[in-house]
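Please look over the two chains and keep them in view while reading the questions below.

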Amino acid sequence: MSSLQSSILVVEDEPQMRRFLRASLGSRGYRVLEAESVLIGLQMVTSHSPDLVLMDLGLPDGDGISLTKRIREWTQVPIIVISARGREADKVVALDAGADDYLTKPFGVDELLARIRVALRHASGQRSAYPEEQIHLGELSLDLARREVRARGENVRLTPIEYKLLVLLARHAGRVLTHRQILKEVWGPSYEAQPHYVRVHMAELRKKIEQNPARPRIVVTEPGVGYRLQTECP
Amino acid sequence: MPNLASPKLQDAAHIWRSSGVVAATALVCAVTGSGMFARSVFGLSVTSLPDLVALYMLAIVATALRYGRTASVLAAAFSVAAYDFVFVPPYWTLAVTDARHMVTFVTMFVVGLVINELAARLRQREQEARVALLQARTEEMRSTLLSTVSHDLRTPLAAITGAATTLRHDRAHLSETQRADLLEAVCEESERMERLISNLLEMTRLEAGGALDIHAEWVPVEELLSSALGRLDGRIGPRDVKVELQERLPLVYVDPVLMEQVFMNLLDNALKFSPAGTELRVAAQASEGTLVVQICDRGPGFGRVSPHVLFEKFVRGEHRGVSGAGLGLAICKALMEAHHGSIRAQAREGGGAVFEVSLPLASNPPHVSVGEAS
């Protein structure tokens with residue numbers, strides 16, 4: 001759990017934002033590298049190989065999305081994009097281009113740290129102390145070998161699609177998945193234009209695993225973007 | 001034989017067809033007609049010519065006031081010609097025997113042009129006054145908006161500045177509880193500002209040209225409601241929220257982000273205006289081609305404000321101490337209209353308010369079969 005050696009590259013042109021990130025991440029033991037522009041950001045990813053990249057999509061000299069694609073050409077370093085509210089389409093494009101997660105400005109430090117933790121955990125392949133075939137996430141536990149799902153101790157019967165959905169979300173626990181990503185993984189590439197398939201099955205899944213489906217705590221909707229299986233309280 | 005399709009002839013035909021010219025012609029003919037009638041019945045003599053001239057002037061004035069320049073110049077010219085042709089000897093020709101009549105012709109025409117000019121100026125002044133009034137009204141609205149925004153943003157900002165400077169200045173002297181309190185204030189007031197700014201941006205977007213970017217999809221309304229409730233989770237806290245959704249509601253074709261915002265705004269209102277311990281109720285039913293969602297609270301209701309007035313901009317409820325520029329409901333209304341739906345408010349039986357959102361249902365929404373559990 002040592003974040004002491006993890007380095008985070010912050011690609012952000014706003015000085016006050018960098019100040020806040022420097023302070024909050026630094027105090028948690030992360031090594032913070034800073035870049036004010038896309039150009040410098042790219043150089044620093046190459047020269048410093050950070051453990052994670054935090055990138056604002058509203059940079060003056062360029063396009064966070066093409067930076068994401070460039071980075072993905074040679075490394076799987078986790079990328080978290082930062083964008084303003086109302087620019088959901090940008091986030092979806094960034095996620096589909098290879099970013100791992102996103103943050104919406106203004107965001108609090110708790111959300112920031114949670115996202116970073118999740119991204120680093122997935123990147124390092126560490127999950128829980130349990131072997132791959134078993135996933136335990138708060139109220140939920142999955143036994144992949146036996147295809148069993150329990151919510152709050154009770155056995156839950158899922159349809160094949162609901163099971164696939166849940167496993168996908170669990171494998172990416174804490175991270176956002178776009179509609180497109182889910183459709184591709186669960187239904188296949190030819191279904192990319194049918195987001196309502198996801199929505200309807202997600203609603204059914206919630207009815208079965210959530211204590212109160214009207215106020216879901218496990219599978220959370222990210223409006224305009226997709227879904228996230230919540231692992232920690234933000 | 002003139003080419004009937006030539007552009008010049010087309011233009012002339014267009015001018016001829018415009019109502020001003022027709023009216024001018026009609027008026028001049030009317031005056032000429034009445035003059036001829038008077039002459040034949042009452043034996044009009046040359047001394048009555050001034051009266052006729054006056055009548056023609058009337059026709060010109062009427063044309064000038066009511067129709068444009070072209071029409072009134074034509075009226076002037078036509079009047080002179082008619083007068084000469086019919087009433088000035090030798091009759092039925094445009095020639096004149098007495099050169100003094102030329103003075104009359106010229107005067108008639110010139111006065112006609114002057115009247116025309118005066119009328120044009122009058123019309124222009126009227127137009128300018130109308131534009132000025134519209135601009136004044138727009139300015140007033142913008143002033144109101146700016147002062148409301150100023151006030152509503154300054155209020156939380158004042159709290160944040162106060163708390164942050166206290167923390168900076170008195171750091172060593174504050175107890176842990178006091179520090180926690182002040183920091184809580186900074187967070188809450190920041191959230192308040194964020195909500196207001198979002199609303200303002202939304203309103204600006206809705207007003208600018210009115211073209212709303214809707215990305216509609218087939219969405220289950222349950223998801224939108226649960227997402228909205230989820231986002232307000234912190235503010236709902238321990239409050240009781242009854243959710244009563246009809247089984248198997250059909251999918252609706254809406255922009256999920258915008259529609260969720262409608263529900264967020266309504267729930268936010270309900271939370272703001274109803275006392276902390278009271279319950280909220282969210283219900284949805286489909287009937288007769290419409291999906292209806294109701295958001296109900298046990299707050300004080302609308303007081304003396306008529307429910308439909310609430311949906312206008314900047315109208316707040318009557319209750320003091322409630323923040324917000326009064327844009328939330330106006331935004332809801334605009335968003336619902338963009339989705340060909342509607343929203344209305346009514347008093348709730350037993351106290352409180354009901355906000356009802358209606359969406360049209362498609363005749364055959366997609367049906368996704370959910371399969372059997374294994």
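**Enclosed space, contacts and backbone**

Q: How much space lies in the largest cavity?
A: The model is a predicted one, in which local features need pLDDT of at least 70 and side-chain atom pairs count only at pLDDT 80 or more, while totals for chains, interfaces and linings use all residues. Residues are numbered from 1 along each chain as its sequence is written, chains are lettered from A and ligands numbered from 1 in the order in which they are written, and side-chain values use heavy atoms, leaving out hydrogens and water. For the largest cavity (on a 1 Å grid over the protein atoms alone, a set of points where a 1.4 Å probe fits but cannot get out), with the volume taken as the space filled by probe spheres set on points joined across faces, edges and corners, the computed value is about 70 Å³.

Q: Which elements give two or more residues to the lining of the largest cavity?
A: The lining (residues with an atom within 4 Å of a point) has 13 residues, and those closest to the centre of the cavity are A:Arg199, A:Thr221, A:Pro223, A:Gly224 and B:Pro256. Taking elements as DSSP runs numbered from the N terminus (helices being H or I of at least four residues, strands E of at least two), those that give two or more residues are strand E11 (219-222) of chain A together with H7 and H9 of chain B.

Q: Which element supplies the largest share of the lining of the second largest pocket?
A: The second largest pocket (a pocket being an open set with protein on both sides within 12 Å along at least five of seven lines) holds about 630 Å³ of space. Among its 25 lining residues, A:Glu204, A:Lys207, B:Glu222, B:Arg248 and B:Leu249 are the closest to its centre. At least two lining residues come from each of helix H8 (195-209) of chain A, and helix H7 (221-231) and strand E2 (241-245) of chain B, and the largest share, five residues, is from H8(A).

Q: How many charged residues are in the lining of the second largest pocket?
A: Asp, Glu, Lys and Arg count as charged, Ala, Val, Leu, Ile, Met, Phe, Trp, Tyr, Cys and Pro as nonpolar, and the others, Gly among them, as polar. By these classes the lining has 13 nonpolar and four polar residues, and its charged residues number eight.

Q: Which element gives the most to the side of chain B that touches chain A?
A: The contact (heavy atoms within 4.5 Å) takes 26 residues from chain A and 31 from chain B. Four salt bridges (a side-chain nitrogen of Lys or Arg within 4 Å of a carboxyl oxygen of Asp or Glu) cross this interface, and in one pair, A:Arg199 with B:Glu223, the closest N and O atoms are 2.7 Å apart. Helix H6 (176-207), strand E1 (217-219), H7, helix H8 (233-236), E2 and helix H9 (256-273) of chain B each supply at least two residues to this side, and the most, five residues, come from H7(B).

Q: How far apart in sequence are the parts that A:Glu36 and A:Arg18 tie together?
A: A:Glu36 forms a salt bridge with A:Arg18, the closest N and O atoms being 3.5 Å apart. Because A:Glu36 lies in the loop between strand E2 (31-35) and helix H2 (38-48) of chain A, and A:Arg18 in helix H1 (residues 15-26), the separation is 18 residues.

Q: Which residue is joined to A:Lys105 by a cis peptide bond?
A: Most peptide bonds are trans. Here omega is about -5°, and the partner, found in the loop between strand E5 (101-105) and helix H5 (109-124) of chain A, is A:Pro106.
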